[in-house]
Amino acid sequence: MGRGKFKGKPTGRRNFSTPEEMVAGTAARPRTFKQEQAEDEEREEHEEESENDSEEDSQKGKGTLRIIEIENPNLVKPKTVKAKEADLGRTTELSRREREEIEKQKARERYMRLQEQGKTEQARKDLERLALIRRQRAEAAKKRDEEKAAKEQKKVEARK
């Protein structure tokens, strides 16, 4: 048990071997990198030999998978396709979102074409408003011209 409010770090723990362990030769010594590498090589060689011996061992799964065979319909198995086996002529199917996006874009383009031609309801309303505004401006311009002409005529009469 540690003393004080600080906890010791897990890397700072020291394991001392007892004199009995040292005599018996079971003292725990830290392994060097070379020792670990040699052990890994031995383990790999052992695994290769065991793979050759039995086919059932090669189908190992993690956890309970080697005990219970599960048919999961949602499980997507990775499909690896080699470059030379790839079928370039085949078209890939679009996802639902991609199809909807393309349909939206086509509908928007179609609507804009109809809008330019003046065939949509909104375009008709806009054209009617535009015609009304043009009429009003033409009438206002005509009135101004008439008023100008009337003012000039008054000036001419006033000079006489």
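## Ground rules

Helices here are DSSP runs of H or I with at least four residues, numbered from the N terminus, and a helix's expected span is 1.5 Å times one less than its number of residues. This is a predicted model, where local features need pLDDT of at least 70, side-chain atom pairs count only at pLDDT 80 or more, and totals for chains, interfaces and linings use all residues. Residues are numbered from 1 along each chain as its sequence is written, and side-chain values use heavy atoms, with hydrogens and water left out.

## Helix 3

Helix 3 covers residues 96-117, so 22 residues by the DSSP run. From first C-alpha to last it reaches 32 Å, close to the 32 Å expected. Just past its end, G118 has a positive phi of about 80°.

Helix 3 also holds a salt bridge (a Lys or Arg side-chain nitrogen within 4 Å of an Asp or Glu carboxyl oxygen): R96 meets E100 at 3.3 Å, N to O. The two sit four residues apart, which puts about one helical turn between them. E100 is partly exposed (buried is under 20% relative accessible area, exposed over 50%, this class in between, with a 1.4 Å probe and protein chains only), at 37%.

## Helix 4

The structure has four salt bridges. In helix 4 (residues 121-159), R124 and E121 are three residues apart, about one helical turn, and their side chains pair at 3.3 Å, N to O. R124 is partly exposed at 39%.

D126 and R129, also in helix 4 and three residues apart, make another salt bridge at 3.0 Å, N to O. D126 comes in at 30% relative accessibility and R129 at 47%, so D126 counts as partly exposed and R129 does too.
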